[in-house]
Amino acid sequence: MSSDRREFLKSLTLGGIALFTADWFKLVDETKAASGGKLLPALPGEKVSDKGDQLRAFWNDSEGYFELCVNGTIYDEVPDFEDEDAEEFDDSEFEQDEEESDEEFEERVQEARDEWESEQSSDRESRREEHEFDWYRRSCPGAQAVPYLQGLFGELEANSEAVDASDYSDVGSIDFYDGACPGNDTYVAATAPDYATLAALQRVLVALDWNCRVVIVEPNPADTAKA
């Protein structure tokens, strides 16, 4: 944790009570060392329910940050696509002409069926892609962490004189992503750079009485190695 961010957190109060004291910073360091970065600290008398929501953290070694998920994992897959708009070909509108043989009539109907099915297949694929795109951007556990944490910071801002929207990164260096790169809009995520940030998040959640527990599912190997 940078010295600037540490100084900012020291000044953060809620209802006149300091959230981040010297004892808290000491407890963070001790708990991290003792658990290998797998468990988060709790101040004496501080209760974190194992019910309610879970904000789950997964270390991404290649990027160097924790990916955060609400009540799910980074490995959750897109739910099966149920095409509620699927239709069946209706051949009742076709009538056989007097000059048309049975074979010619059947061929004409089959050609219409093939063309209709080709169009339906293309439409289904578009709806399937839209279903997948919507899930990654709005419904997957990682994407849900973005509005969840923005709501948390919004409430913190409303209840503290020491923080505003521009200070979100100082609260815990939480970064929000909307698109991994140009042309790829499916990656919507919230990330945290280190163990101390996750501990700060849990401290804020408890202080605001949010029924949410931060769980480190996959710790930073560098933290584990120091255990």
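Me: In what order do the five strands of the open sheet stand?
Reply: Good place to start! This is a predicted model, and in it five strands build an open sheet. Their pairing is mixed. Read across the sheet, the order is 5-6-4-3-7.

Me: Which strands stand at the edges, and why is one side of each left without a neighbour?
Reply: A strand at the edge of this sheet has a single partner strand, so one of its sides has no neighbour in the sheet. That is the situation of residues 175–178 and of residues 212–218. The edge strands are therefore strand 5 and strand 7.

Me: What is the average twist from one strand to the next?
Reply: Stay with the open sheet and its order 5-6-4-3-7 for a moment. Going from one strand to the next, the twist averages 30°.

Me: In which sense do strand 3 and strand 7 pair, and which residue is the bridge partner of Arg-56?
Reply: Strands of a sheet pair through backbone hydrogen bonds, and they can do so in a parallel or an antiparallel way. Strand 3, residues 53–60, pairs with strand 7 over six bridges, and the sense is parallel. Looking across from Arg-56 into strand 7, you find its bridge partner, Val-215.

Me: Which strands does helix 4 touch, and what angle does its direction make with that of strand 4?
Reply: Helix 4 covers residues 141–159 and packs on the sheet. There it touches strand 3, strand 4, strand 5, strand 6 and strand 7. Compared with the direction of strand 4 (65–70), the direction of helix 4 makes an angle of about 90°.

Me: What angle does the direction of helix 6 make with that of strand 7?
Reply: Helix 6 also packs on the sheet, where it touches strand 3, strand 4, strand 6 and strand 7. Its direction and that of strand 7 make an angle of about 160°.

Me: How do helix 4 and helix 6 pack, and which classes of residue make the contact?
Reply: The axes of helix 4 and helix 6 are 11 Å apart, at an angle of about 60°. The two helices are therefore oblique to each other, and their crossing is left-handed. Leu-149, Leu-152, Phe-153 and Leu-156 of helix 4 meet Leu-201, Val-204 and Leu-205 of helix 6. By class, that gives no polar residues, no charged residues and seven nonpolar ones.

Me: At what angle do helix 2 and helix 6 cross, and is the crossing left-handed or right-handed?
Reply: Helix 2 (residues 22–35) and helix 6 (residues 195–207) have axes that come within 11 Å and cross at roughly 125°. That angle makes helix 2 oblique to helix 6. Among the residues in the contact are Trp-24 and Lys-32 of helix 2, and Tyr-195 and Arg-203 of helix 6. As for its hand, the crossing is right-handed.

Me: How does helix 3 lie relative to helix 4: parallel, perpendicular or oblique?
Reply: The axes of helix 3, residues 102–139, and helix 4 come within 5 Å and cross at roughly 40°. Their contact includes Trp-135 and Tyr-136 of helix 3, and Pro-141 of helix 4. Given that angle, helix 3 and helix 4 are therefore oblique.

Me: How many residues apart in sequence are the parts tied together by Tyr-148 and Trp-210?
Reply: The structure holds eight aromatic pairs. One of them joins Tyr-148 and Trp-210 edge-to-face, with 5.3 Å centre to centre and 90° between the planes. Tyr-148 lies in helix 4, while Trp-210 lies in the loop between helix 6 and strand 7, so the pair ties together parts whose separation in sequence is 62 residues.

Methods
Residues numbered from 1 in each chain as written. Predicted model: local features only at pLDDT ≥ 70, side-chain atom pairs only at ≥ 80, totals over all residues. Heavy atoms only, no water. Axes fitted to C-alpha atoms, helices over the stretch in contact; angles between N-to-C directions. Helix = DSSP H or I, 4+ residues; strand = E, 2+ residues; numbered from the N terminus. Parallel < 35°, antiparallel > 145°, perpendicular 65-115°, else oblique. Left-handed = near helix turned anticlockwise from the far one by under 90°. Contact = heavy atoms within 4.5 Å. Pairing = 2+ DSSP bridges. Phe/Tyr/Trp six-rings, centres within 6.5 Å; stacked < 30°, edge-to-face > 60°. Nonpolar A, V, L, I, M, F, W, Y, C, P; charged D, E, K, R; others polar.
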